[in-house]
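Open the model in your viewer and keep the selection tool at hand. The tour goes from one selection to the next and says what is there.

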Amino acid sequence: MTKKSFKSGFVALIGAPNAGKSTLLNNILGQKISITSRRPQTTRHRILGIKTTEASQVVYVDTPGMHLGGKRALNKYLNKTADTSLMGVDVIVWVKDDMQWDAIDISILEKLKNEGAPVVLAINKIDKVADKESLLPFIQKISLEHDFQSIIPISALTGKQLGEFEQLLLTLLPEGELMFPEDQVTDSSERFMATEIIREKLIRRLGQEIPHSLSISIDQYKVEEKITRIHAVIWVERDGQKNIVIGDKGVGLKEVGTQARLDIEKMLESKVYLNLWVKVKKNWSDNERELISLGYRG
Ligand code: GDP
Ligand code: MG
């Protein structure tokens, strides 16, 4: 039996605001994930989403600073950071929602090509083009005059050609191993940071009283256009500990929640709705299975 080789790699999505990047990702990943929130960059790339299948793992990333202004801003941005911003990605996808091609586009393409990764042009919003035939001359002209790896018309909204788009990416990705757990769909560090912030506020409030087996998990982490909704669970081992965390008339938990929310909002640069639950999980710290279900993989 021949085993098909596994492919994995990083795909950078770039493009002017409103081109349809977020829509494209949501459609590919089949769910809405962390996209609009931004935290100060600690890494070069921001992971937008991870798609893992039997045959591949594609990590979609964007680069800081791509969100400001239009095409001109994108060009300027690439001028400034061309050397590092896209370093290490395997494919660059430029999402474009118009059929314009001018000096700025040429300049953007030149810079992208300097990065050394294949550049795919995804012409988005083709559902809005009444006369589909009119796409062809444009695509032909660009592909003759410019050195794209590929040009593909898509509709991020309706899903048209997205299967083909993903197939195309796979042909451009190297063979490789899983880089993230297969069930991870987005950058977990924001979630993790959120739990750390909650923990910090609990420690500050409770001091020595804090149950040492306390742990925090995220039940729901949903990024919407204007707000990030987080449901977190504070796990303790005993009812008595639960009461300590909740505090008199719930004041303790409320204060922790407010302080944590303000910090998480700063981190995400987004409004946050934070819902905190305290739950009792008996002797979880002794039980390896439970540890795994809480996300402690050692
Ligand atoms: P981003 O700024 O590049 O992330 O763009 P968004 O994904 O937020 O999309 C901007 C707008 O374009 C939204 O109103 C989307 O619904 C719309 N849009 C995105 N893709 C398509 C598409 O394929 N067809 C149509 N008609 N609209 C789209
Ligand atoms: Mg977007």
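The stops below begin with strands, go on to the ligand and end in loops.

**Before you start**

This is a predicted model, in which local features need pLDDT of at least 70 and side-chain atom pairs count only at pLDDT 80 or more, while totals for chains, interfaces and linings use all residues. Residues are numbered from 1 along each chain as its sequence is written, chains are lettered from A and ligands numbered from 1 in the order in which they are written, and side-chain values use heavy atoms, with hydrogens and water left out.

**Stop 1: strand β4**

Select residues 91–96, which form strand β4. Helices (H or I, at least four residues) and strands (E, at least two) are DSSP runs, numbered from the N terminus. Six of the six residues in β4 are buried, where buried means under 20% relative accessible area, exposed over 50%, and partly exposed in between (1.4 Å probe, protein chains only). Show the side chains: Val91, Val93 and Val95 point one way, and Ile92, Trp94 and Lys96 point the other way.

**Stop 2: the neighbours of β4**

Add strand β1, residues 7–14, which runs parallel to β4 and is joined to it by four bridges. Two strands pair if DSSP finds at least two bridges between them. In this pair, Ile14 stands opposite Trp94.

Now add strand β5, residues 119–123, which is also parallel to β4 and is joined to it by five bridges. Here Val93 stands opposite Val120, and Trp94 stands opposite Leu121. Follow the chain from β4 through helix α3 (residues 103–114) to β5: this β-α-β crossover is right-handed. A crossover is right-handed if, with the strands pointing away from the viewer, the path from the first strand over the helix to the second runs clockwise.

**Stop 3: strand β5 and onward**

Keep β5 selected. Are its two faces covered or open? Both are covered: Val119, Leu121 and Ile123 are buried on one side, and Val120 and Ala122 are buried on the other.

Next add strand β6, residues 150–153, which runs parallel to β5 with four bridges between them. Val120 has Ser150 as its bridge partner in β6. With helix α4 (residues 135–145) between them, β5 and β6 make another stop for the eye, a right-handed β-α-β unit.

**Stop 4: ligand 1**

Select ligand 1 and the residues around it. It is surrounded by 15 residues, and the closest are Asn18, Lys21, Ser22, Thr23 and Asp127. A residue is near a molecule if one of its heavy atoms lies within 4 Å of it. The shell divides into five nonpolar, six polar and four charged residues. In this count, Ala, Val, Leu, Ile, Met, Phe, Trp, Tyr, Cys and Pro are nonpolar, Asp, Glu, Lys and Arg are charged, and the others, Gly among them, are polar.

Which residue has a polar side-chain atom 3.0 Å from an oxygen atom of ligand 1? That residue is Lys125. A backbone N or O atom of Ala156 also lies 3.0 Å from an oxygen atom of the ligand, and a polar backbone atom of Ala19 is 3.3 Å from one. Taken alone, ligand 1 exposes 570 Å², and the protein buries 73% of that. Accessible areas come from the Shrake-Rupley method with a 1.4 Å probe.

**Stop 5: Asn18 and helix α1**

Return to Asn18, in the loop between β1 and α1. Asn18 counts as exposed because its relative accessibility is 66%. Add Gly70: the two residues are 52 apart in sequence, yet their C-alpha atoms are 8.8 Å apart in space.

Then select helix α1, residues 21–29, where Lys21, Leu24, Leu25, Asn26, Ile28 and Leu29 are buried. Just after α1, Gly30 takes a positive phi of about 75°.

**Stop 6: two loop residues**

Select Gln161, in the loop between β6 and α5 (162–172). Its phi is near 70°, a positive value in a residue other than glycine. Gln161 is partly exposed, because its relative accessible area is 25%.

Finish at Lys249, in the loop between α7 (239–246) and α8 (251–268). Lys249 has a phi near 55°, a positive value in a residue other than glycine. With a relative accessible area of 79%, Lys249 is exposed.

Note on methods: A polar contact is a pair of N or O atoms within 3.5 Å; within protein, one must be able to donate a hydrogen and the other to accept it, and residues adjacent in sequence count only if both atoms are side-chain atoms.
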